[in-house]
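Please open the structure in the viewer and keep the selection panel at hand. The tour proceeds stop by stop, with a selection to make at each.

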Amino acid sequence: MIAVLGFTAIKDGYEDIKRHQSDRVVNFSEVRVLEGPEYVNHNAMAPKSKTFVRALRKRVGRGKISKTGSPSVQALTNPTPPEAVDKHKSIGSRSSGVPETEYDEDLTANPSSAGTRPYWRGTTWEDLRVGDFVKIMDHESIPADVLICATSEDENVAFVETKNLDGETNLKSRHAVSALTHLNSAAACADPKNVFRIECDRPEVQMHKFATAVSINDERFPADLQTTLLRGTVLRNTAWVIGIVMYTGLDTKLALNSGGTPSKRGKVERQMNPMVLANLALLGIMALVCGIVDSILEHHYYPKQAPWLFRDNRSGDNPSINGLITFLFALITFVTGATSFVLH
């Protein structure tokens, strides 16, 4: 029985290790976020809890972001977002479907070359914060629930694959918020001339229910699921999308609907485990009673020189220690006997 329990523990431990490795690969996937000397995310965030496996970060393929895509299943890590997201924005008109190359280049490999310009910097999914501007490229997975500001298409439309959420393989269209379509470059997103505010509901379990509003100069613009990229979807047939993060980690709809990890144990194993534990508890109680009775009898009959205690009254002998030894011997005997009976 001990061997069976040991092998089971080793198997479960191996599965947990593989699961943690998969989580680390996802958590350390990279995404482009807005960065700049004068740009600050003003949304207050609770400090992220550290983990002892953080030292393995460099061993899971960090480097410059490629456009080949990233994992579509994410582990869950970031803190709870506030109910409202504040950002500084500029107001202007969109001149073309291509962002400004001078201010919108990817400087992940050499951030020092940015100087005083805002740029897109690569960071990990686990370091993504509410209120961050992100730039998602074609065939990349969405790392959080993101409100669409602008896309590469003329009508600010984006196409996403939602098979990780609903199992459907056909592409779905999403549109940018009409009041934010001018935010088509890093410079426009970091410009502090104006302020807009996103008023979000608390995290909602229902996948098809989403309501929020964007406020600019006391003017409100509604936003719904059609203007949102949900975590777990994949961007398709769209060169790039710029958006702002609203929900991360356990607050995303994917995480709220994922549920617990299903058990791989069979019905017989689930029924047998309580019985095995009950039998072990019963055998432990029997062994404990034997040890206590032996200690009491030895204390009582030592002065009377009982014949069955012959040579047990030596100077180094201790009735209490003898009772403990009797308990251990009885436990080993009972467990061995019960195991032999089950096997035969």
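Begin by selecting Phe133, Leu147, Leu180 and Phe196, the residues with the most contacts inside the largest nonpolar core, which has 31 residues. A nonpolar core is here a set of buried Ala, Val, Leu, Ile, Met, Phe, Trp, Tyr and Cys residues joined through side-chain atoms within 4.5 Å. Buried means under 20% relative accessible area, exposed over 50%, and partly exposed in between, with a 1.4 Å probe and protein chains only. The model is predicted: local features need pLDDT of at least 70 and side-chain atom pairs count only at pLDDT 80 or more, whereas totals for chains, interfaces and linings use all residues. Residues are numbered from 1 along each chain as its sequence is written, and side-chain values use heavy atoms, with hydrogens and water left out.

Next, colour the elements that each supply at least two residues of this core: β4 (133–137), β5 (145–151), α4 (186–190), β8 (194–200), β9 (212–216) and β13 (240–247). Helices (H or I, at least four residues) and strands (E, at least two) are DSSP runs, numbered from the N terminus. Which strand gives the most to this core? It is β13, with 5 residues. Apart from this core lies another, of 18 residues, among them Val33, Ile148, Leu235 and Val245. In soluble globular proteins, nonpolar side chains tend to be buried together.

Keep β13 selected. Is this strand mostly covered or uncovered? It is mostly covered, as 8 of its 8 residues are buried. Now add β4, which runs antiparallel to β13 and is joined to it by 5 bridges; two strands are taken to pair if DSSP finds at least two bridges between them. Phenylalanine 133 has isoleucine 244 of β13 as its bridge partner. Then show β5, which is also antiparallel to β13, with 6 bridges joining the two. Here aspartate 145 is matched by tyrosine 247 in β13 as its bridge partner.

Follow the chain from β5 into the loop that leads to β6, and select glutamate 155 there. This residue is exposed because its relative accessible area is 68%. Display histidine 175 as well: it lies 20 residues from glutamate 155 in sequence, and the C-alpha to C-alpha separation in space is 8.1 Å.

Move to the open sheet of 3 strands, whose order is β7-β6-β12 with antiparallel pairing. Its edge strands, β7 (171–175) and β12 (234–236), each pair on one side only. On average, neighbouring strands of this sheet are turned by 45° against each other, direction ignored; the axes are lines fitted to C-alpha atoms, and angles run from 0 to 180 degrees between N-to-C directions. Strand β6 (residues 157–161) pairs with β7 over 5 bridges in the antiparallel sense. Select phenylalanine 159 to find serine 173 of β7 opposite.

Finally, select the whole protein, which has 7 helices and 13 strands. Of its 344 residues, 40% are buried. Colour by pLDDT, the predictor's confidence in each residue from 0 to 100. The mean pLDDT is 76, and 71% of the residues reach 70 or more. Over residues 55–84 the pLDDT is below 50, and this stretch has 88 contacts in the model beyond near neighbours in sequence, a contact meaning heavy atoms within 4.5 Å. Residues 87–103 also have pLDDT below 50, with 64 such contacts.
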